[in-house]
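The following questions and answers go through one chain, from a single residue to the overall fold. Each answer ends on the item asked for.

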Amino acid sequence: MIVVAGEALIDLVPAGPAAGDELPALLPKRGGGPYNTAIALGRLGSPTAFCSRLSTDHFGAALLRGLTADGVDTSLVQRGAEPTTLAVAHVGTDGSAAYSFHVEGAADRLFELPDALPEPTRAVSFGTCSLVLEPGVGAYETLMRRESARGVFTALDPNIRAGLITAPNAYRARFRSWLPHVSLLKLSEEDAAWLAQSDDLVAAAREWLAAGPYAVVLTRGGAGLTVLTRDGLELSVPGRRVEVVDTIGAGDTVNAALLHRLDAHGALTSAPGLDAEQWRDILTYATHAAAITCTRPGAQPPYASELTLAATPA
């Protein structure tokens with residue numbers, strides 16, 4: 001089982017272009033980086049559990065139904081009467097998305113450390129707002145360290161939301177403190193530059209590798225993905241050309257596809273030792289999955305049946 005730990009929220013997504021000076025109508029969509037990752041894993045066919053706290057309001061109920069519909073185990077989901085976090089998406093002409101958040105007093109930030117994860121857990125994925133907002137961040141941080149210490153593969157996607165980070169340098173220091181407990185670090189070029197305060201992303205990735213992770217995967221939008229590993233491998237694959245509707249959930253789909261394909265290679269271990277061709281297969285699979293997500297509005301990751309790269313790993 002792969003456990004995804006982090007927030008679920010409601011994205012308010014523009015229903016279409018605004019007319020003149022009018023604001024666009026907004027449609028509520030299920031979202032949140034970890035939530036999207038869990039849904040994507042479920043759709044790809046990985047046994048998955050979601051570890052979070054959801055509101056008992058109608059949005060929280062809808063989020064829970066979405067998990068169940070895609071076969072995600074919800075036994076680790078905590079519930080509370082607090083409201084659901086709202087994220088207002090602003091979609092640019094190129095399909096890229098920026099967000100403003102309504103998070104005060106929301107249920108997901110009151111997450112508490114679970115006593116234990118299910119026995120079959122082989123990997124835990126962390127990221128996004130849940131690693132920023134107190135007091136929940138402390139519980140997620142403790143969970144990361146606890147599971148890493150017992151040999152569970154840990155994946156981290158910081159998925160920076162700068163508007164939520166009130167003390168950037170303190171966050172950067174906290175991020176570095178997580179690295180000894182991380183197996184796979186995946187992040188966008190923009191997030192890497194923000195964290196490193198540098199445009200030399202290869203040097204930054206190598207510095208992060210030296211702190212603990214086995215691999216760093218950089219997402220480069222339409223240009224594809226690059227992986228750097230502790231073994232000295234550096235490999236890139238191109239993106240797939242598609243008609244982009246928006247990029248909401250594309251990075252989360254990459255998270256899920258990486259974990260799913262790593263598992264197919266039997267590589268959810270502390271030192272997978274994958275060769276270049278195996279990494280090429282994993283990255284190509286992830287770019288294909290993300291490209292499909294970009295062709296439809298909101299976070300709608302693909303099902304396994306929509307992917308044509310189904311070759312059995314060597």
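Q: In which loop does aspartate 70 lie?
A: The model is a predicted one. Aspartate 70 comes after one helix and before one strand, in the loop between α2 and β6 (78-80).

Q: Is aspartate 70 buried or exposed, and at what relative accessibility?
A: Buried means under 20% relative accessible area. Aspartate 70 falls under that limit, so it counts as buried, at 13%.

Q: Which residues does aspartate 70 touch, not counting residues up to four places away in sequence?
A: Contact here means heavy atoms within 4.5 Å. With sequence neighbours up to four places away left out, the residues touched by aspartate 70 are Ile39, Gly42, Arg43 and Tyr303.

Q: How far apart in space are aspartate 70 and lysine 29, C-alpha to C-alpha?
A: In sequence, aspartate 70 and lysine 29 are 41 residues apart. In space, the C-alpha to C-alpha distance for this pair is 15 Å.

Q: What is the strand order of the open sheet formed by four strands?
A: The pairing in this sheet is mixed. Its edge strands, each pairing on one side only, are β3 (26-31) and β8 (97-102). Neighbouring strands are turned by 30 degrees against each other on average, direction ignored. The order is β3-β2-β7-β8.

Q: Which residue of β3 is the bridge partner of leucine 12?
A: Strand β2 (residues 9-14) and β3 run antiparallel and are joined by six bridges. For leucine 12, the bridge partner in β3 is proline 28.

Q: What angle does the direction of helix α2 make with that of β3?
A: Helix α2 (residues 58-69) packs on the sheet and touches β2, β3 and β7 (86-91). Between the directions of α2 and β3 the angle is about 50 degrees.

Q: Which residues point one way from β9, and which the other way?
A: β9 is mostly covered, with five of its five residues buried. Both sides of the strand therefore consist of buried residues under the 20% limit. Ala123, Ser125 and Gly127 point one way, and the other way point Val124 and Phe126.

Q: Which residue of β10 is the bridge partner of serine 125?
A: β9 runs parallel to strand β1 (residues 2-5), with four bridges between them, and there valine 4 has serine 125 as its partner in β9. β9 also runs parallel to strand β10 (residues 153-157), through five bridges. In β10, the partner of serine 125 is alanine 155.

Q: What is the phi of threonine 128, and is this residue buried or exposed?
A: Threonine 128 is found in the loop between β9 and α3. Its phi is positive, about 65 degrees, although threonine 128 is not a glycine. With 5% relative accessibility, threonine 128 counts as buried.

Q: Which peptide bond is cis, with omega near 0 degrees?
A: The bond leads into proline 135, a residue of the loop between β9 (123-127) and α3 (136-149). The cis bond runs from glutamate 134 to proline 135.

Q: Is glutamine 197 buried or exposed?
A: Glutamine 197 sits in the loop between α5 (189-196) and α6 (201-211). This residue has a positive phi of about 55 degrees although it is not a glycine. Exposed means over 50% relative accessible area. Because glutamine 197 has 57%, it counts as exposed.

Q: The backbone nitrogen of which residue lies 3.0 Å from a polar atom of the side chain of serine 188?
A: Serine 188 is in strand β11 (residues 184-188). Serine 188 is buried, with a relative accessible area of 14%. The backbone nitrogen at 3.0 Å from its side-chain polar atom belongs to aspartate 191.

Q: What radius of gyration does the chain have, and what would a compact globule have?
A: The C-alpha trace spans about 50 × 45 × 40 Å along its principal axes. For 314 residues, a compact globule would have a radius of gyration near 20 Å, which agrees with the value for the chain, 18 Å.

Q: What share of the contacts with a separation of 6 or more comes from residues 24 or more positions apart?
A: The chain has eight helices and 14 strands. Of its 314 residues, 53% count as buried. Among contacts with a separation of 6 or more, residues 24 or more positions apart account for 69%.

How values were computed. Residues numbered from 1 in each chain as written. Predicted model: local features only at pLDDT ≥ 70, side-chain atom pairs only at ≥ 80, totals over all residues. Heavy atoms only, no water. Pairing = 2+ DSSP bridges. Helix = DSSP H or I, 4+ residues; strand = E, 2+ residues; numbered from the N terminus. Axes fitted to C-alpha atoms, helices over the stretch in contact; angles between N-to-C directions. Rg over C-alpha atoms; globule rule 2.2 N^0.38 Å. Buried < 20%, exposed > 50% of the residue type's maximum accessible area, 1.4 Å probe, protein only. Polar contact = N/O pair within 3.5 Å; in protein donor to acceptor, adjacent residues only side chain to side chain.
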